[in-house]
Amino acid sequence: MKPLLLSVLSTIAVVLGVTGLGLVIWGFIRMQRNARTRNWPSTQGTIRSSRVTSREAPALQRESSYDDDAPKPPPQVLYRPQVEYTYTVDRHTYTGTELGMDVVEVGNKQSAQAHAARYAPGRPVTVFYDPEDPSRALLEPGVQGTSWALPIAGAACLVVTGAFFFFVRWFSGR
């Protein structure tokens, strides 16, 4: 294999490896921060409102030079549970809207509705608040399933990096 191609592949592998390592580190730092919310003090609060919001996300467009008349894909609709609650800390009443640190938009409306339905208006709820800033609060402390997205993406980048280096090493020895 030509030295220039091996050099380009090696450079791509290094960039991908650094990116992967960064994603793993950043992901685990976020997860550690999210895990600390389990130790936040809690107080009783009341749900004021619960609903699902939606927004259109632009569809991924594939460039097609041979068929400009092809219909454009419809935009994807993303849904997010929106909850508002009140709680009191040291005789100060606060309003919160955070469910958890990594609650994300989803493409499934029923899933978002089921999540929001757990918080019926008027229902009492346990609110976890930041002891250093009681105005920061959430209802679902700890690490969420979606918290694993960054470390997993980083690990995937590292696996591809390993495959690149194996490929470059194998072909450079020929």
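Biologist: I have the fold on my screen and would like to learn how to read strand pairing. Which residue in β3 is the bridge partner of Y85?

Modeller: Glad to help, and please remember that this is a predicted model. In β3, Y85 has G96 as its bridge partner. That bridge belongs to the pairing of β2 with strand β3 (residues 92-96), which is antiparallel and spans five bridges.

Biologist: And how many bridges join strand β1 to strand β2?

Modeller: Twelve bridges hold β1 (residues 42-57) against β2 (residues 76-89), and these two strands also run antiparallel. You can pick out one register point by finding S49, whose bridge partner in β2 is E84.

Biologist: What happens at the hairpin of β2 and β3?

Modeller: Two residues lie between the strands there, and D90 takes a positive phi near 50 degrees.

Biologist: Let me step back a little. What pattern does the chain follow along the sequence?

Modeller: It reads α-β-β-β-α-β-β-α, with three helices and five strands in the chain. To see how the chain folds back on itself, consider contacts between residues at least 6 apart in sequence: 76% of them join residues at least 24 apart.

Biologist: How much of the chain is buried?

Modeller: Buried residues account for 30% of the 174 residues. As for the surface, the chain exposes about 11600 Å², and carbon and sulfur atoms supply 57% of that area.

Biologist: Now the charged side chains. How many salt bridges does a search of the whole structure find?

Modeller: The general idea is that side chains of opposite charge can pair when their charged atoms come close. Here the search finds three salt bridges. Start with R48 and E84, whose side chains meet at 3.4 Å, N to O. This pair links distant parts of the chain, since R48 sits in strand β1 and E84 in strand β2, 36 residues apart.

Biologist: Are R48 and E84 buried or exposed?

Modeller: Each falls in between. R48 counts as partly exposed because its relative accessibility is 48%, and E84 counts as partly exposed because its value is 26%.

Biologist: Which residue forms a salt bridge with E140?

Modeller: R118 does, and the closest N and O atoms are 2.7 Å apart. This pair too links distant parts of the chain: E140 lies in the loop between β5 (133-138) and α3 (149-172), while R118 lies in the loop between α2 (109-117) and β4 (124-130), 22 residues apart. E140 is at 10% relative accessibility and therefore counts as buried, whereas R118, at 43%, counts as partly exposed.

Biologist: And which residue forms a salt bridge with R136?

Modeller: That is D130, with the closest N and O atoms 2.8 Å apart. D130 counts as buried because its relative accessibility is 9%, while R136 is partly exposed, with a relative accessible area of 38%.

Biologist: I also clicked on T88. Which residues does T88 touch?

Modeller: Leaving aside residues up to four places away in sequence, T88 touches T43, Q44 and T93. T88 is in strand β2. The side chains of T88 and T93 share a polar contact of 3.4 Å. T43 is a good lesson in sequence versus space: T88 and T43 are 45 residues apart in sequence, yet 7.2 Å apart from C-alpha to C-alpha. T88 counts as partly exposed because its relative accessibility is 38%.

Biologist: Last topic, the rings. How many aromatic pairs does a search of the whole structure find?

Modeller: A pair of aromatic rings is described by the distance of the centres and the angle of the planes. The search finds two aromatic pairs. Y85 and Y87 form a tilted pair, 6.1 Å centre to centre with 40 degrees between the planes. Y87 and Y94 form a stacked pair, at 5.4 Å centre to centre and 25 degrees between the planes.

Biologist: Why is the second pair called stacked?

Modeller: Planes under 30 degrees apart count as stacked, so an angle of 25 degrees puts Y87 and Y94 in that class.

Biologist: Which residues form one aromatic cluster?

Modeller: Y85, Y87 and Y94 do. Y85 counts as buried because its relative accessibility is 0%, and Y87 counts as buried because its value is 1%. That brings us back to where you began, with Y85 and its bridge partner G96 in β3.

Conventions:
Residues numbered from 1 in each chain as written. Predicted model: local features only at pLDDT ≥ 70, side-chain atom pairs only at ≥ 80, totals over all residues. Heavy atoms only, no water. Pairing = 2+ DSSP bridges. Helix = DSSP H or I, 4+ residues; strand = E, 2+ residues; numbered from the N terminus. Salt bridge = Lys/Arg side-chain N within 4 Å of Asp/Glu carboxyl O. Buried < 20%, exposed > 50% of the residue type's maximum accessible area, 1.4 Å probe, protein only. Contact = heavy atoms within 4.5 Å. Polar contact = N/O pair within 3.5 Å; in protein donor to acceptor, adjacent residues only side chain to side chain. Phe/Tyr/Trp six-rings, centres within 6.5 Å; stacked < 30°, edge-to-face > 60°. Areas by Shrake-Rupley, 256 points an atom, 1.4 Å probe, with all protein chains shown as cover.
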